[in-house]
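Let's take a quick look at how some side chains pair up in this one. Have the structure open and follow along.

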Amino acid sequence: MRSFLSIVVILGIVLWADGAFSGSAGSCTKYRQMEQKLLEIHEYRIGHGTNMNGTVSMEFWAAEDGSTWTLIRVDSNNVACLVAFGRDWVIQDMQVGDPT
């Protein structure tokens, strides 16, 4: 728990200090800046999807060991916004018809 909290605090401080996040929510920046910061905390893009009209995509990033994860939204202007983040990501095997 302590390492997760440290990562969140460090990411927030670094992005705030860099002026990377702007806007009313304080959680958006250019995609390349977001990507760079996520790579610095050793998270890698493990999945993504685009909405029906292709204007917004969601990207899921996680640490290799699953200790942390981040969900971002990327708009058509290449602005990335932090949607959610957490810890203890687990990848489950899923089969067709499996309700889990």
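What follows covers the aromatic pairs and then the disulfide.

Keep in mind that this is a predicted model. The count of aromatic pairs comes to three. Take Phe-60 and Trp-69: their planes sit at 15° and their ring centres are 5.5 Å apart, so this pair is stacked. Phe-60 also pairs with Trp-89, this time tilted, with 45° between the planes and 4.3 Å from centre to centre. That second pair reaches across the chain: Phe-60 is in strand β3 (residues 56-63) and Trp-89 is in the segment after β5 (79-87), so parts 29 residues apart in sequence are tied together. Put together, Phe-60, Trp-69 and Trp-89 make up one aromatic cluster.

Now for the sulfurs. There's one disulfide in the structure, and it links Cys-28 with Cys-81 at an S to S distance of 2.0 Å. The link of Cys-28 and Cys-81 is right-handed, with 110° about the S-S bond. Cys-28 belongs to strand β1 (residues 28-30) and Cys-81 to strand β5, so the pair ties together parts 53 residues apart in sequence.

How buried or exposed are these residues? The table has the values.

| Residue | Relative accessible area | Class |
|---|---|---|
| Phe-60 | 15% | buried |
| Trp-69 | 18% | buried |
| Trp-89 | 33% | partly exposed |
| Cys-28 | 16% | buried |
| Cys-81 | 15% | buried |

With the cut-off for buried at under 20%, Trp-69 makes it at 18%, whereas Trp-89, at 33%, is partly exposed.

Technical notes
Residues numbered from 1 in each chain as written. Predicted model: local features only at pLDDT ≥ 70, side-chain atom pairs only at ≥ 80, totals over all residues. Heavy atoms only, no water. Phe/Tyr/Trp six-rings, centres within 6.5 Å; stacked < 30°, edge-to-face > 60°. Buried < 20%, exposed > 50% of the residue type's maximum accessible area, 1.4 Å probe, protein only. Helix = DSSP H or I, 4+ residues; strand = E, 2+ residues; numbered from the N terminus. Disulfide = S-S within 2.5 Å.
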